[in-house]
Each structure stands twice: as C-alpha cells, then as structure tokens.
Amino acid sequence: MTKSIVDFQDEYGRITGWPSDRRRAHQLAILDYLTGLFEPGVSYDQGQVEQILADHSTLEDPSFLLTELVDSDYLASGDGVYWRADGRPGARG
C-alpha cells in the first residue's frame, strides 16, 4: 500500500516536514516522490540536485533530503555526480 505524503506537503506540493522514523513508509513515499523529479539516465552535479530539492521543499536544510535519497538507494553518486539509482547514465538496456 502506497502511503500518502499530503500531510507533508504544502499547497504547491513542496515537502514541508520529515516523518518520524516510526513512519518509515511515509519517508519512503516522500523519497519516491522526490526521485520522480530526476530524469532516468541523466547526471546531475551536487548543485543541481540541491537546487531541485530546495525548489521542492521548504525544509531549512534540503541537503538532508539528498542524504536520505542516497542512503536509501534512490539516488546513486560517483565522480561528483548523482543519478537515479534505477537509471545509471550511459547504461544501455
């Protein structure tokens, strides 16, 4: 069952809060939503990633979301770039 993230968004769809660890399913739903902001197969530098996250959240420290995305295997990184973990740049299917 997909958890709703509405309680953690404002009227513009920006993330306004982070659920407690007891609500891990809600955390994962937010991370899934944020992952959708990144194109599969596209590389982003850290500044680009942080700007996208800042544009889609009202959190004081949107880099927290980057850490969560990487630690939870939604985004991968290497050589100073980030990409969706389900679509490594340059990979052919």
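In which helix is Gln27 found? Gln27 belongs to helix α1 of this predicted model.

**Helix α1 and Gln27**

Helix α1 covers residues 24-35 and has 12 residues, for which a rise of 1.5 Å a residue gives an expected span of 16 Å. The C-alpha atoms at its ends are 16 Å apart, so the expected and modelled values agree. The buried residues of α1 are His26, Gln27, Ala29, Ile30, Leu31, Leu34 and Thr35. Among the elements that cover these buried residues are α2 (46-55), α3 and β3.

Gln27 counts as buried because its relative accessibility is 2%, and the cut-off for a buried residue is under 20%. When residues up to four places away in sequence are not counted, Gln27 touches Trp18, Pro19, Ser20 and Asp21.

**Ile52 in helix α2**

A buried residue is also found in helix α2, namely Ile52. Its relative accessible area is 18%, a value that falls under the 20% limit for burial. Leaving aside neighbours within four places in sequence, Ile52 is in contact with Leu37, Phe38 and Tyr44. Of these contacts, Phe38 is 14 residues from Ile52 along the chain, and the C-alpha atoms of the two residues are separated by 8.6 Å.

**Two aspartates with positive phi**

Asp73 and Asp79 each have a positive phi although neither is a glycine. Both lie in loops: Asp73 between α3 (63-71) and β2 (75-78), and Asp79 between β2 and β3 (81-84). The table sets out their values.

| Residue | Loop | Phi | Relative accessible area |
|---|---|---|---|
| Asp73 | between α3 and β2 | near 65 degrees | 61% |
| Asp79 | between β2 and β3 | about 50 degrees | 84% |

Asp73 is exposed because its relative accessible area is 61%, and exposure requires a value over 50%. Asp79, at 84%, therefore counts as exposed as well.

**The annotated region**

UniProt, in an unreviewed entry, places the feature "domain: DUF2087" at residues 14-84. Over residues 14-84 the chain is 44% helix and 14% strand. The end C-alpha atoms of this stretch are 20 Å apart.

**Summary**

In this predicted model, Gln27 of α1 is buried at 2% relative accessibility, and Ile52 of α2 is buried at 18%. By contrast, the loop residues Asp73 and Asp79 are exposed.

How values were computed:
Residues are numbered from 1 along each chain as its sequence is written. This is a predicted model: local features need pLDDT of at least 70, side-chain atom pairs count only at pLDDT 80 or more; totals for chains, interfaces and linings use all residues. Side-chain values use heavy atoms; hydrogens and water are left out. Helices (H or I, at least four residues) and strands (E, at least two) are DSSP runs, numbered from the N terminus. Buried means under 20% relative accessible area, exposed over 50%, partly exposed in between (1.4 Å probe, protein chains only). The expected span of a helix is 1.5 Å times one less than its number of residues. Contact means heavy atoms within 4.5 Å. UniProt positions are given in the numbering used here, feature names are shortened, and annotations may be inferred rather than shown by experiment.
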